[in-house]
Amino acid sequence: MQAEKIDIAIVGGGLAGGLTALAINRACPMLPIGLFEAGQSFGGNHRWSWFEGDLDEAGTALMEPFEKAQWPGGNEVRFPSHTRRLSSDYRSLDSRSFDAALRRLLPQEAIRTGSKVMGLDAQGVTLEGGKRVKARLVIDCRDAGPSEHLTGGWQIFLGQQLRSEKPHGIDRPIIMDATVDQPGAYRFVYVLPLGPDEVFIEDTYYANSPVLDEKLLRGRIAHYAAAQGWEGQLVHEETGVLPVITGGDFAAYRASLATKGVALSGARGGFVHPLTSYTLPIAVENALAIAAQASDNLESLPEFLEGRAEMHWRRTAYYRMLGKMLFDAAEPSERYRIFERFYRLPEPLIERFYAARSTPLDKLRILTGKPPVAVGRAVKALLGKGAPLVQGTNP
């Protein structure tokens, strides 16, 4: 039986893989592509959010076809000693809408859900059952896993979409409500008003251990909703355990996942915001860069992405330092003070921070004054060694 042939095989139909497939199809519609996803839908079970200013004109155009929640009234943060309303408009995309849009926008022959890739190489992919699909280029966008080569902690969350019995009264996103208890970690509640009677509530905390206690977090959300006077029914639920990267040997990490001649992208390739997990702007930027390179020189993409990954690692060193400062704070219950102070800074600085575009002056302003952790200690922390990001460890 002759193997199927396509130009580009994208393995992993999450955010990075899906946006890459869409960007390539828009730029090079003549190139046959396949977006291979082991599950039955693209995007898994996630919600991705971003600030309007995170994307440039090209990025905004790429995201325009997706049905998403949008809030033109700014956003809010709440801390024990500081509440602030910021003017940045906010966007949020649910994975169910992500899946529906990709199925509508991509050629039907590119839709390869329920296609588990058992092996890949520079010449194509082998699916479960033995089917071989040849490709001129393979892009590996599968999920990132724990690694002994990276150090740090974890961002753990559980989110619930609730339909309330009466209007909830929230008209703009609450990005961080850190007025809640701080039991041994930096914890906050994230609230998105999805409609007059629908609200998304996520309990998030930064922890040293990657242990997700779903029962505990459901109880916390129920307590928070009750305190706001919200009663209703559960519509949807999602969970996550994301690495907060504070250091490591990035070359060794990439080498441990590399397959000769295969392009490595997405979170697996290191294209993340190491501290905040606001990765959509990075995924959009990378998808557009891949599409432009594919138009110019398809065969050079593995080397091209290797260079971009190294540049991204260098560019985000500052955020890894801040993450290390966060986890090195003496009292976990006091870590919220770092963010409380951060949210007193100028709004343009805050916007650039989330988009991983902080200027040298931004970085200085965040660290100077009376920071919760002295600059000298931060530099010393950078020179130390953290524990590896391996599932089951206690960094």
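Visitor: Which residue stands opposite Ser92 in E7?

Guide: In this predicted model, Ala69 stands opposite Ser92 in E7.

Visitor: What makes E4 and strand E7 a pair?

Guide: Two strands pair if at least two bridges are found between them, and E4 and strand E7 (residues 90-94) have 3 bridges, in the antiparallel sense, so by that cut-off they count as paired.

Visitor: Why are strand E3 and strand E4 called edge strands?

Guide: The open sheet has 3 strands in the order E3-E7-E4, with antiparallel pairing; strand E3 (47-51) and strand E4 (69-71) each pair on one side only, and are the edge strands. Neighbouring strands of this sheet are turned by 15 degrees against each other on average, with direction ignored.

Visitor: Why is Arg220 called buried or exposed?

Guide: Buried means under 20% relative accessible area, and Arg220 has a relative accessibility of 15%, so Arg220 counts as buried. This residue lies in helix H4 (residues 214-228) and, leaving aside residues up to four places away in sequence, touches Pro183, Arg187, Asp203 and Tyr205.

Visitor: How do you know that the span of helix H7 agrees with what is expected?

Guide: Helix H7 (residues 301-315) has 15 residues, which at 1.5 Å a residue should span 21 Å; the end C-alpha atoms of H7 are 20 Å apart, which agrees.

Visitor: What makes the buried residues of H7 line one face of the helix?

Guide: The buried residues of H7 are Leu301, Pro302, Leu305, Arg308, Ala309, His312 and Trp313. Seen down the axis of H7, they fall within an arc of 135 degrees, and therefore line one face of the helix, whereas Glu303 and Arg314, on the other side of H7, are exposed.

Note on methods. Residues numbered from 1 in each chain as written. Predicted model: local features only at pLDDT ≥ 70, side-chain atom pairs only at ≥ 80, totals over all residues. Heavy atoms only, no water. Helix = DSSP H or I, 4+ residues; strand = E, 2+ residues; numbered from the N terminus. Buried < 20%, exposed > 50% of the residue type's maximum accessible area, 1.4 Å probe, protein only. Contact = heavy atoms within 4.5 Å. Axes fitted to C-alpha atoms, helices over the stretch in contact; angles between N-to-C directions. Expected span 1.5 Å × (residues − 1). Arc of directions from axis to C-beta.
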